[in-house]
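This briefing goes through a structure with attention to its strands, one of its pockets and the confidence of the prediction. Please keep the sequence and the model open while reading.

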Amino acid sequence: MNNSEREKTVREPLFHIEKRGDISRKKGLLIRGIAILAALIVSGVFSAILLKGNPFVFYEKIIDGAVGTERRIWNLLRETALLLGVALAIVPAFKMKFWNLGGNGQVLVGCLATTACMFYFGGKVPLGLLIVFMMLAGVIAGAIWALIPAIFKAQWKTNESLFTLMMNYIAEGLVAFFLTIWVKTGSGVLNPMRDYKVPEVINSSFIPIIVIVLLTAAMYIYLKYSKQGYEISVVGESENTARYVGINVKKVVIRTLIISGAICGLVGFLLSGAIHGTVSKATHGGMGFTAIMVAWLAKFNPLIMAGTSFFVVFLERGVAEASSYFGVTNTAFPDIVTSIIFFFIIGCEFFIQYRLRFRAKKKSGIAAEKTVVKAEKKDSVEVSEESDDSAKAKKEDKA
Amino acid sequence: MQETVALELKGVSKYFGSVVANKNVDLTVHSGEILAILGENGSGKTTLMNMISGIYFPDEGQIFVGGEEVVIRSPQDAFRYKIGMIHQHFKLVDVFTAAQNIVLGVKESADYKGAYRSAFVDENGEKLTRSKCKSFFVGLKNVFTKWKKNRYKLKKVNEKVTAIAVKYGFHIDPKKKIYDMSVSEKQTVEIVKVLYRGADILILDEPTAVLTPQETQRLFDVLRRMREDGKSIIIITHKLHEVLSLSDRVAVLRKGEYVGTVETKETDEAELTEMMVGKKVTLNIERSEPKDVCDRLIVDKLNCKNREGVKVLDNVSFTARAGEILGIAGIAGSGQRELLEAIAGLQDLEEGEITYIDPKSEERVNLRHKTPLQIRELGVRLSFVPEDRLGMGLVGNMDIIDNMMLRSYQKGRSMFVDRKQPEKLAETIIADLEVVTPNTHTPVRRLSGGNVQKVLVGREISSAPKVLMAAYPVRGLDINSSYTIYNLLNRQKENGTAVIFVGEDLDVLIELCDRIMVIGSGRITGIVDGRTAKKEEIGLLMTKTEETEENLEEKEEAHE
């Protein structure tokens, strides 16, 4: 037994992981390209098996679902803008290593405050003034929702992730509470404000897009060229360094979170004021979490975030549409497909940071080649297994 | 001496991306010898040792233990080949005792499966006739007995640890908790841990960096005893005098490449330095006589507690003078950091005053109630290099320009930052101090330690400070960079700056400083003249504890 164990250890490992130095832009893009291709193939094959359809039709339906009609294009752009808005809100906090997971809650209180303005003042004050009220209410509510955990973090070093996460639930509870007051029928659903004879405020896709485009440019400049943006980077990189050069860390934390929350509140204002005209517990649409992925994928660069946000929304809308075309009633299916694709895209970052080195070619070229092929096969099997696992886990979550 | 080869490396290489950490290194270690590995920082000493101890896996090359080729994939593998490494940063569990730490992770494998199966068959391997149910319970009983026998008994461990300690002359109390231990005791635990597991090849990564001269002597005695016992010892260090006094042979690495091995008896400091650096270097510090000396900073009875409520500064009083270098010596973590941070306004104090005397107006300013920003505007500069040099003072992910900006960005009313002045400053520093960098937009964490330090010190002195505090400014720097920094400090002194220099190498402190203040457990244990001080004298002051001091005082009182 001892002998065989020994032999095992003498064998070199099949491959080992090695950190890459700088990777050229071209190579980085190539790896990402391969990842997207692999993602499409795996998700296509997966869907073809489950739907018993042609994978190419599946791809076609994705594109059709996202940009098939003019209305769909506008919806796509609008959703992209809103998601980008939340991502823009999260970036300054995340750059400061303040893990603001409360995007959902901050958006939701913004929605709630906006709706409250419409509910109480609608038709009673001039329209222009109402819009100003709604916007201020939304922005301030969002800012307060982010300010509370920021103060606790700055003063007592509480954990911001848990705190902001819990604030999400409080926001949802608050919405439920106000709905029971406002809705007398007991259905718990507040109809859009136009049903209550509140004038149509700004019901269009155009306004949110313009607002977010301006905001993106502003955030880019703020983070890159302003003194406050510089302070955010320093605090995020090293709090000790910040203290050492005389930056008031508490002040920066609180100021940044007010900005973060205020932008979330602004998105909430756009959601309730310009699109839905109402509020429910799910108005935020989970954007607070999706935005985190959007921001990370773009490495916190607001301009690239516009691209990643577009990609994420495109996929979600497209896959949803495609699965309804194939008559899938199971709501988990689009989630599974999108998660397969994200798995590859996020997973490829590993190969950008690291490289696998296979066992050195010792015997002959052919033998070495064989091991490489084998390894690759093994890899892909593992990958698909893993993605199945994650999909399964997601399914269970849903259930 | 019998020359059996214990460990041999052939053509070992390791790359981190485009960085070559080790290239084609050959190395032979005999049993019963102490081999010193010498090299400047970044020459790949630690990487090489990490490959032997299973932390990294070599990209190329072969490793032989006792003449047989081996593949070491993990520290467990390394232990199988009786190789043990004592790391620079100890890996111990604070709340465990010495003995618990020593047995942690030791696997004494037991064949539980076999024990269970034996209940079903007799000695000859034939199936027993009794009922399956009964066999099942007998099987469980067998497993339990085996477990009981195998379960580790602290008493047994304690005995074994004591036996090892007696054999090599360690002082160790197996029942003492790690958090009650001094650095030297923790190191002892690490060494015993490796010996407990039966290591024959011991690797020590800069073991003396955290020890006082006396503790170092004790460690060397132990290592010599191990050598007599036939163990192979590899010691990484960059202190030349230690190499010469301890080792049998010296292997030298330079920029990841193996330069050669020499017999310690046949070499001297000059030759080793030349091998390390690659060219002849003359190393001396020109210490000028202080002129126009006047008091600049008066520190009076500082008291400070850390977060855990332990006193880290205890009644510290001293004066720093303009045109003089004041050295601070002491074991790492004796309050040096807190002292400098207190002066810079970064530390909350319980008691005490810090008075700054303005050179022009002779006005006395109390720094205690000022913010770090106000203190800096007075010309008090802190160049601090804690263990992680990028943890304070510089931001690793930012480029040199942005790091220059740390000091100046707040100037002016504009909402936006001005990157032009910092860019000029960055270019000046790169040119003046010979910073090796691709360009001014390289993130500073990509630079080597010496260049990072030049950037930091360069920025701090660029504003003509009145007080310059440098803590461990040469830690981890190669010889050439170290001397550049020393000379920079000297130039500051000549310009009439009060320089405070916290160092660890006593030889350098004695060569560089005009006065040396010794700090031990947050108390000033003595101030000596740098020109007449002896190393042993400073070493004794470093370890002087409260008790001995009180005893002395009592004695003096009695005398009176």
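In which sense do strand β11 and strand β14 of chain B pair, and over how many bridges? In this predicted model, β11 (residues 294–305) and β14 (residues 351–357) of chain B pair in the antiparallel sense, and the pairing extends over five bridges. The points below place that pair in its sheet, then turn to a second group of strands, to a pocket and to confidence.

**The sheet around β11 and β14 of chain B**

- The pair belongs to an open sheet of four strands in chain B, which follow one another in the order β12-β11-β14-β15 with antiparallel pairing.
- Because β12 (311–322) and β15 (364–366) of chain B each have a single partner strand, they stand at the edges of the sheet, and one side of each is left without a neighbour there.
- From one strand to the next, the twist of this sheet averages 20°.
- Within the pairing of β11 and β14, B:N303 stands opposite B:E351, the latter belonging to β14(B).
- Helix α11 (residues 336–344) of chain B lies across β11, β12 and β14 of that chain, and its direction makes an angle of about 60° with β12(B).

**Strands β1, β2 and β4 of chain B**

- Strand β1 (residues 5–16) of chain B pairs with strand β2 (residues 19–30) of chain B in the antiparallel sense over eight bridges, and in this pairing B:L7 has B:V29 of β2(B) as its bridge partner.
- β1(B) also pairs with strand β4 (residues 60–65) of chain B, again in the antiparallel sense, over five bridges, and here the bridge partner of B:L9 is B:I63 in β4(B).
- As a general point, strands of a sheet pair through backbone hydrogen bonds.

**The second largest pocket**

- The second largest pocket holds about 1300 Å³ of space, and of the 32 residues that line it, those closest to its centre are A:R243, B:R307, B:L346, B:Q347 and B:D348.
- Both chains contribute elements to the lining, since α6 (127–156), α10 (239–244) and α11 (249–276) of chain A, as well as α11 and α12 (372–377) of chain B, each supply at least two residues.
- Helix α11(B), described above as lying across three strands, gives the most to this lining, with four residues.
- By character, the lining residues divide into 13 charged, eleven nonpolar and eight polar.

**Confidence of the prediction**

- The model as a whole scores ipTM 0.73 and pTM 0.72.
- Chain B has an average pLDDT of 82, with 92% of the residues scoring at least 70; among its elements, strand β13 (residues 324–329) has the highest mean pLDDT (92) and helix α19 (residues 546–559) the lowest (50).
- Chain A has a mean pLDDT of 81, and 81% of its residues reach 70 or more.
- In chain A, pLDDT stays under 50 over residues 1–10, for which the model has ten contacts beyond four places in sequence, and also over residues 361–399, for which it has 19 such contacts.
- Where pLDDT is low, the predicted coordinates should not be read in detail.

Conventions:
Residues are numbered from 1 along each chain as its sequence is written. Chains are lettered from A and ligands numbered from 1 in the order in which they are written. This is a predicted model: local features need pLDDT of at least 70, side-chain atom pairs count only at pLDDT 80 or more; totals for chains, interfaces and linings use all residues. Side-chain values use heavy atoms; hydrogens and water are left out. Two strands pair if DSSP finds at least two bridges between them. Axes are lines fitted to C-alpha atoms, for helices over the stretch in contact, and angles run from 0 to 180 degrees between N-to-C directions. Contact means heavy atoms within 4.5 Å. On a 1 Å grid over the protein atoms alone, a cavity is a set of points where a 1.4 Å probe fits but cannot get out, and a pocket is an open set with protein on both sides within 12 Å along at least five of seven lines; lining residues have an atom within 4 Å of a point. Grid points are joined across faces, edges and corners, and a volume is the space filled by probe spheres set on the points. Ala, Val, Leu, Ile, Met, Phe, Trp, Tyr, Cys and Pro count as nonpolar, Asp, Glu, Lys and Arg as charged, and the others, Gly among them, as polar. pLDDT is the predictor's confidence in each residue, from 0 to 100.
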